[in-house]
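Hello,

Here is the structure I promised to hand over, with my notes underneath. Please have a look at it first and then read on.

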Amino acid sequence: MQILVMIAKDFRRALADRRAFVVNLALPLLLTFIMGLSFGGGFFGNSAGISAIPVALVGQDLPLMLREQLAQGLTESGFFTVTWTDSLEADAMVRRGDAAAAVVFPPDILEKFFTLEEVELQIWKDPGSSLKAGIVEQIITRGVAQYQAGEAVYLTLWPEDRAREGEASAREFWESEAFAGSFADVWQRFRRDSEDPAFREARQRLLQGMDRQTALTQALQVSPITLSVQDKSPLGEFEKKQEINLFNFFLPGFSVFFLMFSVAAGCRDLHRERKAGTLQRQMLSPVRRVDIIVARWLSISLQGGFMLAVLFLVGWVLFRINLGPDPLSLFLAVTACCLAATAVFLALALISPTEKIMDNLTTVLILVWSMVGGNFIPLEQMPGWVVAVGRFGFNYWANISFQNVMLENRSVLEAPGPLLVMAGVAAVLMIINILVFRTRAGRGGLA
Amino acid sequence: MNPSVIMALVRLRMLRVLRDRSNLVWLFVMPMAFSFLMGQMLGDWDPAGRDMRPLCLVYDLDGQAAADALVAPLLDNDKFRIVRRDTAVSEDRALELIEEQRITAALFIPADYTTRVARNEPVTLRLLYDSDRLSSQTVRTLLDEGLLKLNAKQAALQISRQPDNHGALPFESTRFDQRWNNPRVRLSSQTLGRLPDTGLKLTSSAQHVGPAYTIFFVMMFLMMSAKELVAEREDRTLSRLMVSRATSLDIVLGFFLGGMLIGLVQAAVLLGLNSLPIFGVDYGDSPAALILTVVLFAGACSAGSILLGTTARSGAQADGLGLAVTLTMAAVGGLWWPLEIVPPFMQTIGHSLPTGQAITIFHDMIGRGYGVAQLSGLLLGLAVWFVGALVLGTWRLRGLVSR
């Protein structure tokens with residue numbers, strides 16, 4: 001009964017500083033909102049993230065029709081916005097950052113292509129846009145690699161074509177009357193059974209080349225060696241399975257981060273009570289010392305639980321976050337997280353000589369723990385040693401627990417490990433906290 | 001205006017900051033720790049010189065020539081290292097290892113791989129990987145390239161063996177390799193910047209992290225110190241100053257210059273530390289642009305701190321608002337992730353904030369080698385924030401001390 005009265009008293013004290021309470025609720029939501037605007041998800045849809053990549057194309061010698069088709073194809077893919085321009089302007093655009101990359105087709109590319117001369121395509125990349133420029137490079141590289149593979153096979157099997165086309169007569173061949181005019185003109189000319197030996201030879205070469213290309217295409221369509229790939233990352237599985245709501249990671253991460261500030265502020269209140277003398281008065285009253293510290297632990301945990309509950313409910317309404325497969329899982333995760341957090345920061349309050357020292361200590365710890373414990377960046381993306389260090393913070397286990405429930409929609413009973421660790425941390429630290437508090441009765445229970 | 005009073009206020013502010021040793025943690029230790037940690041997480045820094053490359057396990061049950069050829073292109077890579085095992089674990093176990101970050105990918109080569117390749121029979125390799133990791137993606141890209149070559153080779157072999165092979169020569173592996181290694185159509189790429197093709201990755205390495213966390217912590221320290229002004233209001237020390245020979249302008253300038261000096265010292269130390277060989281950040285070719293940027297940003301933050309300190313009603317409120325402003329500006333301004341990956345309207349908002357302007361200036365100085373002239377637009381933006389915050393902060397503070 002005495003504990004309940006003290007819990008109610010602490011709750012009232014906490015609510016007296018409503019602005020701090022509002023900040024602790026508003027900031028995670030604000031940051032999650034920014035995440036939504038930046039990366040999409042929830043009611044923001046999936047349109048956010050990397051926008052169409054501005055690409056400059058340089059190739060004045062390409063036929064207009066080919067340029068239009070290339071531009072249309074790239075634009076319609078939704079990944080690129082294309083500008084045909086000259087090399088000087090493309091260079092300036094990339095250097096200014098107006099284009100993430102420029103793809104430069106060399107002069108006379110078509111002639112070089114057909115006469116089997118050396119062709120060098122170039123990609124110019126914007127130094128300030130390494131991600132987008134990298135995407136352009138990757139896509140072009142893949143396309144060119146496919147072509148290179150086909151040509152390597154062709155010229156291995158029919159090297160005489162290269163030798164023949166490499167001759168000076170190759171240009172004359174393609175520029176001969178046989179290929180004058182439009183495609184329709186050339187086709188009609190070749191359809192007629194001309195007696196002209198030059199036409200006959202040209203047709204023969206063309207048909208032979210077509211036959212070889214057809215055989216090559218058919219052979220390349222069969223890939224005896226295949227790579228079966230399985231992606232571990234849930235984000236990588238996104239395309240195959242279902243939409244992953246990034247808020248299921250971001251909101252719990254930011255919520256635990258601000259929960260630590262809120263809980264630390266509650267524990268710091270012990271120092272203010274000692275300064276005001278109210279803590280000493282409580283110890284002189286018939287209330288047991290163990291009740292004082294346990295009541296403080298429970299009341300701060302309850303406040304934390306209330307804060308997380310509000311955040312997750314608002315997140316469910318605004319960002320459509322997943323609240324887990326069953327209410328019990330989320331309840332247990334929230335409860336264990338709050339009890340462990342309060343036990344940790346109570347221990348810090350008990351060992352800190354002054355409020356200011358505790359203030360600095362907790363802020364440093366919160367920032368470092370958040371960084372290495374996966375509150376800002378998913379644990380999967382961190383190096384192994386950072387993750388190993390992160391395991392020493394309770395928030396690491398809280399993040400995994402929320403990730404299991406909210407991101408992977410698993411019941412806590414399926415993976416109770418993180419929950420048990422948090423419960424263990426809470427139990428062990430509270431035993432220590434009680435012992436420390438009792439032995440320091442003369443100093444108001446604090447260091 | 002009394003310069004001696006202003007200098008005394010500046011000196012007092014500096015002494016108060018430096019005497020509290022915990023401030024040194026916030027000024028210098030935490031920013032460098034964050035830069036280091038973020039650099040580690042993004043995988044670019046290896047200060048100890050140890051082999052930090054993630055592990056790619058190859059479970060090679062074949063162990064013969066074709067498997068050797070498959071693995072060969074993966075052996076010498078700066079993003080991962082290969083370890084071959086002649087036994088295999090279950091796929092579940094391999095996935096666990098990837099989950100636990102102990103390996104970046106696992107490739108399973110079946111026992112009869114070489115035989116099947118020789119017979120041109122279908123064979124499937126199994127790759128378990130993590131698309132969120134660059135090292136893992138690189139493994140996949142290299143394997144795709146290797147398989148493209150193998151399949152092209154098989155295609156050539158198949159055509160040459162067909163009765164109607166359209167006059168194809170018998171397949172020769174050396175001729176194919178020669179064609180493969182010397183393609184007629186080539187692709188070359190270069191970065192058009194100040195440091196072309198040196199692997200500069202502005203948005204994903206120390207080149208971004210160092211300046212970004214310098215900007216972040218300069219802003220954070222000054223915004224969080226706004227509560228000192230609130231405390232001075234509550235303790236009535238502001239009023240006491242007014243009954244001394246200090247004018248309201250002296251007090252405003254004293255507070256502003258004190259904060260700005262702290263920001264400048266902090267930025268100078270952090271930028272200096274980041275330029276050490278261990279971190280290797282260089283700031284381009286224009287010291288003038290660098291100095292101007294730091295001065296304008298520190299000035300804007302100091303003025304913003306005064307504005308916050310005169311607006312907040314309590315120390316706790318100043319703390320909360322300071323944290324909110326700093327975190328929001330950092331997130332939207334592109335200090336935590338590059339602005340190029342967010343939608344255009346978020347880029348516009350980001351570039352209009354002082355954090356976005358400052359980090360873009362750093363990017364342009366480092367990557368493009370821009371000087372004051374090319375950066376004039378962004379510098380002007382910073383100056384607008386500086387002047388705006390200073391005017392508002394001065395108005396609020398003069399209003400308070402004049403009462």
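**Two sheets shared between the chains**

In this predicted model, an open sheet with mixed pairing is built from five strands, ordered S2(A)-S1(A)-S3(A)-S4(A)-S5(B). At its edges stand strand S2 (80-85) of chain A and S5 of chain B; each has a single partner strand, so one side of each is left without a neighbour in the sheet. On average, neighbouring strands here are turned by 20° against each other, direction ignored.

Inside this sheet, strand S1 (residues 53-58) of chain A runs parallel to strand S3 (residues 101-104) of chain A, and four bridges join them. Val58(A) has Val104(A) as its bridge partner in S3(A). Two helices pack on the sheet. H4(A) touches S1, S2, S3 and S4 of chain A, and its direction makes about 155° with that of S3(A). H6(A) touches S1, S3 and S4 of chain A together with S5 of chain B, with about 165° between its direction and that of S5(B).

The link across the chains is made by S4(A) and strand S5 (residues 185-191) of chain B, which run parallel and are joined by seven bridges. There, Trp124(A) has Gln190(B) as its bridge partner.

You will find another open sheet of five strands, also with mixed pairing, in the order S5(A)-S4(B)-S3(B)-S1(B)-S2(B). Strand S5 (225-231) of chain A and strand S2 (81-85) of chain B are its edge strands, each pairing on one side only. The twist from one strand to the next averages 20°. Within it, strand S1 (residues 55-60) and strand S3 (residues 105-109) of chain B run parallel, with five bridges between them; Tyr59(B) stands opposite Phe108(B) in S3(B).

As for the contact between the chains, 81 residues of chain A touch 87 residues of chain B. Helix H6 (130-157) of chain A is among the elements that supply at least two residues to chain A's side, as are helix H2 (18-39) and helix H10 (197-221). The largest share, 17 residues, comes from H6(A). By class, that side has 46 nonpolar, 20 polar and 15 charged residues.

A word on confidence before you use the coordinates. Chain A has a mean pLDDT of 83, and 88% of its residues reach 70 or more. Among its elements, helix H14 (residues 327-351) has the highest mean, 95, and helix H8 (residues 169-174) the lowest, 62. Over residues 235-242 of chain A the pLDDT is below 50, and this stretch has nine contacts in the model beyond near neighbours in sequence. Where pLDDT is low, the predicted coordinates should not be read in detail.

Best wishes

Note on methods:
Residues are numbered from 1 along each chain as its sequence is written. Chains are lettered from A and ligands numbered from 1 in the order in which they are written. This is a predicted model: local features need pLDDT of at least 70, side-chain atom pairs count only at pLDDT 80 or more; totals for chains, interfaces and linings use all residues. pLDDT is the predictor's confidence in each residue, from 0 to 100. Two residues are in contact if their C-beta atoms, placed from the backbone, lie within 7 Å. Two strands pair if DSSP finds at least two bridges between them. Axes are lines fitted to C-alpha atoms, for helices over the stretch in contact, and angles run from 0 to 180 degrees between N-to-C directions. Ala, Val, Leu, Ile, Met, Phe, Trp, Tyr, Cys and Pro count as nonpolar, Asp, Glu, Lys and Arg as charged, and the others, Gly among them, as polar.
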